[in-house]
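Visitor: I would like to go through the terms used for this model and see what each one rests on. Please show it to me before we start.

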Amino acid sequence: MNKSEKYYQALMTHRHVSRRGLFRAFVSAAKHTAPQVPVSQLTHPLPPGAVPDVQFITQCTRCNQCITACPMGILTRHEDGYPQLAIEYASCDGCGLCIAACPSDALCVQARFDTGLRPTFSSACVNPLRPCNQCIEACPEQACAIGAAGIPVLDSERCTGCGECRVQCNADAIRLR
């Protein structure tokens, strides 16, 4: 993902960026590079409400209106020109403005908000003496709980993929897939 000065300016003016997320953005910006992906097979996360991949490729005009409409600043333009969901420093609140802005119907209203992403927890978050519980406390759907091994476990039925757990994790132990 190519993050320009415009991306970081939008990120800094956003009302929901945590200090931790902003710091992580500056520290890890040099690590992120965009993979070379053929257009016929999208592997990056699509915006909420995206139709299936093959249909999305044919319907999306790459007009960037969904990216412009996103108040959270988490929709960016992938190197292939299609919008991508980049939940790294701010979470998706499911406002639906990206869906409303889409003129090609490549994004459709959902009965239940869901980005399609799910967090995976690495063992880096385990502190055997005292778990931090930040992902559990931050989850608006209460989909995270501490498992028997001390690693958080996910209730996929409750999870909407908003990414708030990822934003709040100070150990960088959560990935959205």
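Guide: This is a predicted model. Ile87 is a place to begin: beyond its neighbours within four places in sequence, Ile87 is in contact with Ile74, Cys92, Leu117, Gly161, Cys162, Gly163, Arg166 and Leu176.

Visitor: What makes these residues contacts of Ile87?

Guide: Contact means heavy atoms within 4.5 Å. The residues listed for Ile87, Arg166 among them, are in contact with it in that sense.

Visitor: Which core does Ile87 belong to?

Guide: Ile87 is in the largest nonpolar core, which has 24 residues. Ile87 is one of those with the most contacts inside this core, along with Phe56, Ile74, Leu75 and Leu107. Helix 3, helix 4 (65-69) and helix 5 (97-101) are the elements that give two or more residues to the core. A second, separate core has eight residues, including Phe121, Cys135, Cys144 and Ala173.

Visitor: Why is Arg166 called buried?

Guide: Buried means under 20% relative accessible area. Arg166 has 8%, so the term applies. Arg166 is in helix 7 (residues 164-168). Not counting residues up to four places away in sequence, Arg166 touches Arg24, Ile87, Glu88, Asp172, Ile174, Arg175 and Leu176.

Visitor: Why does Pro119 count as buried?

Guide: The relative accessibility of Pro119 is 8%, and the cut-off is under 20%, so Pro119 counts as buried. Pro119 lies in strand 3 (residues 119-121). Its contacts, leaving aside neighbours within four places in sequence, are Leu154, Cys159, Cys165, Ile174, Arg175 and Leu176. From Pro119 to Val153 the C-alpha to C-alpha distance is 9.3 Å, with their positions 34 residues apart in sequence.

Visitor: How do you know that Phe56 and Tyr82 form an aromatic pair, and what makes the pair tilted?

Guide: The ring centres of Phe56 and Tyr82 are 5.9 Å apart, and the limit for a pair is within 6.5 Å. The planes are at 50°; stacked requires under 30 degrees and edge-to-face over 60, so the term left is tilted. The structure holds one aromatic pair.

Visitor: Why is this pair said to tie together parts apart in sequence?

Guide: Phe56 lies in helix 3 (residues 53-59), while Tyr82 is in the loop between strand 1 (75-77) and strand 2 (83-85), so the pair joins parts 26 residues apart in sequence. Both Phe56 and Tyr82 are buried.

Visitor: What sits over the ring of Tyr82?

Guide: The charged end of Arg62 does, 4.1 Å from the ring centre. The distance limit for that description is within 6 Å.

Terms used: Residues are numbered from 1 along each chain as its sequence is written. This is a predicted model: local features need pLDDT of at least 70, side-chain atom pairs count only at pLDDT 80 or more; totals for chains, interfaces and linings use all residues. Side-chain values use heavy atoms; hydrogens and water are left out. Rings of Phe, Tyr and Trp (its six-membered ring) pair if their centres lie within 6.5 Å; planes under 30 degrees apart count as stacked, over 60 as edge-to-face and the rest as tilted. Helices (H or I, at least four residues) and strands (E, at least two) are DSSP runs, numbered from the N terminus. Buried means under 20% relative accessible area, exposed over 50%, partly exposed in between (1.4 Å probe, protein chains only). A charge sits over a ring if NZ of Lys or CZ of Arg is within 6 Å of the ring centre and within 35 degrees of the ring normal. A nonpolar core is a set of buried Ala, Val, Leu, Ile, Met, Phe, Trp, Tyr and Cys residues joined through side-chain atoms within 4.5 Å.
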